[in-house]
Amino acid sequence: MPGHAPAPLCTFSEPETPVTRTLTTEICIIGAGPAGLLLSQMLAQEGISSIVVDRQTRTHIEARIRAGVLEQGTVDALVEAGAGARMMAEGLPHSGFDLAFDGDRHRIDLAGLTGKTVMVYGQTEVTKDLFAQRVADGQTFLFGVDDVVPTDLKERRPVVHLRHEGRSVRIECDYIAGCDGFRGVSRKAIPADVLRTFERVYPFGWLGVLTERPPVSHELIYANHERGFALCSMRSATRSRYYIQCDLSDDVDDWSDDRFWKELCRRIGPETAAELQTGPSFEKSIAPLRSFVAEPMRYGNLFLVGDAAHIVPPTGAKGLNLAVGDVRVLARGLVRRYRSGETDLIDRYSEIALARVWKAERFSWQLSMLMHQFPEHSPFEKKMQRAEFEYIRQSEAASRSMAENYVGLPLEM
Ligand code: FAD
Ligand code: DHB
């Protein structure tokens, strides 16, 4: 009929605005890695509520193979948090480790030089133990979240916005703990004119392998060989973890098991290689090496914790231990704030955490410089590495300094 538009074949309507779900809590924790899980555990012990959000699933997080060496302070923190029983039963206390240089070995006697030991217990197991505890306690988790954005950081009630199972969620809280690792969103929420970053990227990576075979030695061996660094570590009496320095351009597919074992044998020398039990690898990955610190570690009511604020190269095994150190400072500060209203400790969080972070950065950098082959090194720098090794070998003071850093420097709270 004239004047009437033909009826459309189908109709489109604007999608309904998804309903926003609002949740409230005292602390919103972004990231369910070891830092986020331990923080929620320590807060729950003191009756402080938290919601933990992660973009991954629990299964994914529990399967990530990473750190292996825990300082005494980390062990103590896990025990005090009520998540240390399996670690104490199954972990391997180590009272020393070896440095090797082109076949020459020197043992750093951690117990004799410092009176302290370290615990070999995988990060995967730490994470599983913490998850088991948190789930048993009824912790609220949101897994598989997207588009996480912390806002209103300078307001009394900051907000974390995110998407979860197709809905937008708004979490209102007193404080946000950014425990979301190096590639997370928390650090990026701090204005660029406030945040200062310091970085060194190393010109090689670590190729790591796990195998169901007994370790080559009952203690760890860090080796510098003219073909590159190698590390012999372990997860248990029947499971070994090995690393070799590799090119950044390498792909894991370039490294068959056979090639890996041959290269490791060359770098650890014939005597150690004679003891090596090789087998099929069930995990193989390449990790880049980086030193990185972001300052300050607090902005308004957002705290950066663990890898979100700092990265160390893995030489010296400090990353997870630093994350736990941050958590100890922050948890203590928050408990004080909720118990007595005093904010003095959380106000000093960044200062206290960074004092320890920088010392661990120095140690990890120094050990990395000593133990790797650098493409840009001249014969002079190679001689310097060798002289430093000889000095550590001959001087008890130098060995003690290495031991003191390896077992972990104290937190000055
Ligand atoms: P992560 O473990 O990185 O956890 C961050 C979490 O945040 C993750 O679950 C992630 O999914 C989540 N997340 C990220 N982005 C978002 C987002 N946008 N929204 C929501 N969630 C998000 N350290 C040691 O102390 N000793 C060792 O022996 C040691 N060996 C290592 C060996 C290797 C090969 C590597 C790679 C690391 C090693 N480390 C070691 C370092 C250690 O693994 C890390 O320092 C540790 O995992 C840091 O914990 P974290 O909780 O701060 O961060
Ligand atoms: C392991 C990793 C490290 O970076 C290190 O220094 C010692 C041990 C490990 O994964 O076992």
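Helices here are DSSP runs of at least four residues, numbered from the N terminus. The model is predicted.

**Exercise 1.** Find which element gives the largest share of the lining of the second largest pocket.

*Solution.*
1. Start with the space: the second largest pocket holds about 280 Å³.
2. List its lining. There are 14 residues, and Met42, Glu80, Arg328, Ala331 and Arg332 lie nearest the centre.
3. Assign elements. H1, helix H3 (72–80) and H9 each give two or more residues to this lining.
4. Pick the top contributor. H9 supplies five residues, the largest share.
5. Sort by class: six nonpolar, two polar and six charged residues.

**Exercise 2.** Work out which helices supply at least two residues of the shell around ligand 1.

*Solution.*
1. Take the shell. It has 30 residues, with Asp54, Arg64, Gln123, Asp307 and Leu320 the closest.
2. Name the helices: H1 (34–45) and H9 (319–340).
3. Rank them. H9 gives the most, with four residues.
4. Sort the shell by class: 13 nonpolar, 10 polar and seven charged residues.

**Exercise 3.** Identify polar contacts to oxygen atoms of ligand 1, using a cut-off of 3.5 Å between N or O atoms.

*Solution.*
1. Check Asp54. A side-chain N or O atom of Asp54 sits 2.7 Å from a ligand 1 oxygen.
2. Check Arg64. One of its polar side-chain atoms is 2.7 Å from an oxygen of ligand 1.
3. Check Asn321. Here a backbone N or O atom lies 3.1 Å from a ligand 1 oxygen.
4. Finish with cover. Ligand 1 on its own has 1,000 Å² of accessible area, and the protein covers 89% of it.

Methods
Residues numbered from 1 in each chain as written. Chains lettered and ligands numbered in written order. Predicted model: local features only at pLDDT ≥ 70, side-chain atom pairs only at ≥ 80, totals over all residues. Heavy atoms only, no water. Near = heavy atom within 4 Å. Polar contact = N/O pair within 3.5 Å; in protein donor to acceptor, adjacent residues only side chain to side chain. Areas by Shrake-Rupley, 256 points an atom, 1.4 Å probe, with all protein chains shown as cover. Nonpolar A, V, L, I, M, F, W, Y, C, P; charged D, E, K, R; others polar. 1 Å grid on protein atoms, 1.4 Å probe; cavity = no way out; pocket = protein on both sides within 12 Å on 5 of 7 lines; lining within 4 Å. Points joined across faces, edges and corners; volume = space filled by probe spheres on them.
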